Amino acid sequence: MAEKKVIDARGSFCPGPLMELIGWIKLADIGDELELLSSDKGSAEDVPEWVKKVGHEYLGSREEAGVWHIMVKKTK
Amino acid sequence: MKILIIGGGMGGTILANNLARRLTPELRSGKVKITMLTASEKHMYQPGLLYLAFGRVTPDELYKDQASLLEPGITLVVDPVEEFMLDDNRVKTKSGKTFDYDVLAIATGSRPVPELIPGLAEHSHTFYTEETALKMFHALRAFEGGRVVIAMGVPHKCPMAPLEITFMLHDYFKDRGMSDKVQLHYTYPIGRVHSLENVAKWAAPEFDRLGITYETLFNLKEVDGAAKVIRGEEGGETPYDLLISIPAHRGMEVIEKNKLGAGGWIPTNRQQLNMEGRSNVFILGDTTNIPISKAGSTAHFQADTLGENIAALYKLGAPVRDYDGKVFCFIEAGKDRATYAMFDYLNPPDPKPPTKAVHWFKMAYNKLYWISARGLL
Ligand SMILES: Cc1cc2nc3c(=O)[nH]c(=O)nc-3n(C[C@H](O)[C@H](O)[C@H](O)COP(=O)(O)OP(=O)(O)OC[C@H]3O[C@@H](n4cnc5c(N)ncnc54)[C@H](O)[C@@H]3O)c2cc1C
């Protein structure tokens, strides 16, 4: 059954939020939604760019108190 | 109090020694017991594998007896854990013995899993185990020229290794007079040449200066050994004559089998380092799910924090400090120059231009490691 998973990558300089997402998305099942938390504003751009390039679904993002919440659905 | 440490690598060894020194009288009187369960009687200095791939160290230099690294009073048992019964504060080992504990620390590390990518194990060379580093050493010697591609999976331990291997390959071929016959091509999973922005800002011009080409946003999907091409999830592909890879890692199988964490990564509180939902189980080193570098220095700093906190749990009834996310990594920028990156949860690194002095400091550390593992450095 599809699940929603939170990947808390706040305060991650290395490997950083996008690499965290790349690693965790492989462990998720198709249909799962992942919510990536990032304290790096660059994530709001580079994460959707990667997600679209690879062909997963980008569900949107929002900022709350300096933390970006980026929603992604694993589609393949 | 019975303290049980699972794993005798960097994290487990430093933690055990740190605790033994803080609790010497209690160990002598028998009020505290420290037991380490591990999978091998030998302790390997893994960073040395990078040099083994170039024949700059030999395999025997990478090992010491685990027993020789531990403070007196620590009971070492070489018998890997197969079952974690956390609700009963017990573990069961391969030989069928059970060990109970009041405080448990897990530091079982991580392992490369090339099988996750079709063709990778068969067609690439890597230096993450003794066996594969030796094979790579011979492959490099036999290589007569062509396109050398460096590719990696996510996550991987030692975040500097991709850059280090590339710079060292450059100098290796240069020293052999093969620069004009070899083209190095570096690939990286995200949109710059390293996850640390400041390191990427330094490394990309270095690559340009040395004639190393690179391609970012490249995540390995498959290796086509017949066509000698690697393909990326992003749709790109690149040909190779010699493929050097750092495979994606997982935690140990025993962690996954016992359902302690998906992928073998155990959910860990990033400041207190306890396993989420458990107050007497602590996690350190590669096997945490904390979003920071899987590196020996991470395991070391976490072991320092936990040594102080577990001793304080016994003496004061509560932990005394937080882990701040500190990581320190040397970066070899060739065969005889290096720099370093230090950072924590709040502060990014600011690497300086590489120097010979830092390289020699890293070489010295490769020897000093054994003192560091004993907790004396
Ligand atoms: C090529 C290479 C280069 C590297 N370079 C650097 C570097 O320059 N700087 C740096 O900081 N880091 C570097 N690292 C990374 C560093 O070696 C690891 O991050 C570090 O060893 C992690 O420590 P750990 O205690 O988590 O795990 P490990 O040191 O891997 O130890 C794991 C221990 O668990 C034991 N074990 C496994 N399964 C079981 C079980 N079922 N029961 C009991 N025990 C078990 C093993 O026997 C081992 O003793 C490098 C690694 C490699 C491979």
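Me: How many residue pairs are in polar contact between domain 1 of chain B and domain 2 of chain B?
Reply: There are 3 such pairs, both residues at pLDDT 80 or more. A polar contact here is a pair of N or O atoms within 3.5 Å; within protein, one must be able to donate a hydrogen and the other to accept it, and residues adjacent in sequence count only if both atoms are side-chain atoms. This is a predicted model, where local features need pLDDT of at least 70, side-chain atom pairs count only at pLDDT 80 or more, and totals for chains, interfaces and linings use all residues. Residues are numbered from 1 along each chain as its sequence is written, chains are lettered from A and ligands numbered from 1 in the order in which they are written, and side-chain values use heavy atoms, leaving out hydrogens and water.

Me: Where do those two domains of chain B run?
Reply: Domain 1 covers 2-109 + 252-326 and domain 2 covers 113-249, with bounds from an automatic or database domain assignment.

Me: And how much area do they bury between them?
Reply: About 1,500 Å², with 74% of it on carbon and sulfur atoms. Buried area is the accessible area (1.4 Å probe) that two parts lose on being put together, summed over both. On the domain 1 side, Leu50(B), Ala53(B) and Phe54(B) supply 41% of the area buried against domain 2, more than any other three residues.

Me: OK, switching to the ligand. Which residues come nearest?
Reply: Gly11(B), Gln46(B), Val81(B), Asp286(B) and Gly296(B), out of 32 residues around the ligand. Being around it takes a heavy atom within 4 Å.

Me: What does Asp286(B) do there with its polar side-chain atom?
Reply: That atom lies 2.9 Å from an oxygen atom of the ligand. Backbone atoms take part too: a polar one of Met10(B) is 3.0 Å from a ligand oxygen, and an N or O of Ala295(B) is 3.4 Å from a ligand oxygen.

Me: Now the two chains. How many residues does each bring to the contact?
Reply: Chain A brings 20 and chain B brings 29, counting heavy atoms within 4.5 Å as contact. The area buried between the chains is about 2,100 Å², and carbon and sulfur atoms give 64% of that. Phe13(A), Cys14(A) and Met19(A) supply 33% of what chain A buries, more than any other three residues.

Me: Which side chains meet in a salt bridge?
Reply: Arg270(B) and Asp8(A), at 3.3 Å, N to O. That is the 1 salt bridge counted between the chains, meaning a side-chain nitrogen of Lys or Arg within 4 Å of a carboxyl oxygen of Asp or Glu.
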